[in-house]
Amino acid sequence: FFFYQTTMMSSHTLRVLSSIAVRSSRAARQYTCNVTNITRAAFSAQPAAHDKPLTPGIGLGKTSTGLVGLDVDHDAVPKMITKYQALLDKLAASDMPPTAQYRINVEKIARYRIAAAQENLDDPEKVEELCNCGQVEELVVQADNEMKVMDMYLRNRWWELVKPVDIEYNPSDEDGGHGDVEWGDTPDGEKK
């Protein structure tokens with residue numbers, strides 16, 4: 001049946017089909033070679049270049065974050081450094097005053113995470129432990145999200161809307177500032 005169909009096709013159609021077949025066989029051979037090389041490198045009896053044993057689920061052996069939609073990124077620690085530094089650079093270039101609480105908070109968090117990442121470039125688990133805010137892949141996403149928030153904050157100049165609040169540290173309320181007065185109760189001096 002196939003022979004009959006090919007004899008009925010034009011010579012141009014046959015040339016196109018044969019070129020597709022040749023290209024796909026080349027791609028298949030190239031893929032096979034790449035898989036073979038990767039397999040040899042991953043399952044070789046020779047020690048790895050970094051001389052550390054590959055532990056499943058840890059470091060380079062990590063295959064899943066366990067979070068839907070968040071893939072493993074073995075380059076997450078250097079990406080953290082880059083993205084958190086970009087946050088600091090954007091703050092430095094902005095006209096937000098250094099006394100704005102948002103700026104103070106973002107700078108402290110970014111500097112801490114950059115330091116944790118730089119001190120533990122080859123140990124993402126240690127970075128996760130120090131930052132205590134999720135996996136390194138999540139920390140990269142948090143930096144991306146903070147950049148979006150910062151763009152809004154700078155565009156809308158929200159630091160200008162924040163007003164200082166006076167806090168009374170030793171209240172002179174009759175209940176001693178403990179909030180013991182129940183709702184509906186009025187102090188004796190304020191009868192209506």
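Select Arg111 and Glu107, whose side chains meet in a salt bridge with an N to O distance of 3.8 Å. A salt bridge here is a side-chain nitrogen of Lys or Arg within 4 Å of a carboxyl oxygen of Asp or Glu. Because Arg111 and Glu107 are 4 residues apart in helix α4, about one helical turn separates them. Helices (H or I, at least four residues) and strands (E, at least two) are DSSP runs, numbered from the N terminus. Arg111 counts as partly exposed at 49% relative accessibility, whereas Glu107 is buried, with a relative accessible area of 16%. Buried means under 20% relative accessible area, exposed over 50%, and partly exposed in between (1.4 Å probe, protein chains only).

The model on the screen is predicted: local features need pLDDT of at least 70, side-chain atom pairs count only at pLDDT 80 or more, and totals for chains, interfaces and linings use all residues. Residues are numbered from 1 along each chain as its sequence is written, and side-chain values use heavy atoms, with hydrogens and water left out.

**The whole protein**

Next, display the entire protein. It has 6 helices and 0 strands. Of its 192 residues, 22% count as buried. A search of the whole structure finds 10 salt bridges.

**From helix α6 to helix α3**

Select Asp144 and Lys83, which form a salt bridge whose closest N and O atoms are 2.8 Å apart. Asp144 lies in helix α6 and Lys83 in helix α3, so the pair ties together parts that are 61 residues apart in sequence. Asp144 is partly exposed at 30% relative accessibility, and Lys83 is partly exposed at 28%.

Now select Lys79 and Asp73. This pair also forms a salt bridge, the closest N and O atoms being 2.8 Å apart. Lys79 counts as partly exposed, at 36% relative accessibility.

**Glu137 and its surroundings**

Keep Asp73 in view and add Glu137, whose side chain reaches the backbone nitrogen of Asp73 at 3.1 Å. Such a polar contact is a pair of N or O atoms within 3.5 Å; within protein, one must be able to donate a hydrogen and the other to accept it, and residues adjacent in sequence count only if both atoms are side-chain atoms. Glu137 is found in helix α6, which spans residues 136–156. Is Glu137 buried or exposed? At 4% relative accessibility, Glu137 counts as buried. Add Lys62 and Glu128 to the selection: together with Glu137, they are linked in a network of salt bridges.

**The nonpolar core**

Which residues touch the most other members of the largest nonpolar core? Select Met80, Tyr84, Met96, Val127 and Met150, which do so among its 27 residues. A nonpolar core is a set of buried Ala, Val, Leu, Ile, Met, Phe, Trp, Tyr and Cys residues joined through side-chain atoms within 4.5 Å. The elements that give two or more residues to this core are α3 (76–93), α4 (101–119), α5 (124–131) and α6.

**A patch on the surface**

Finally, select Val149, Met152, Trp158 and Leu161, which form a nonpolar surface patch with about 350 Å² of accessible area together. Patches are made of residues with over 30% relative accessible area and no salt bridge: like charges are joined within 9 Å, and nonpolar side chains (Val, Leu, Ile, Met, Phe, Trp, Tyr) within 5 Å. Accessible areas come from the Shrake-Rupley method with a 1.4 Å probe; for residues, only the protein chains shown count as cover. Val149 lies in helix α6 and is partly exposed, with a relative accessible area of 31%.
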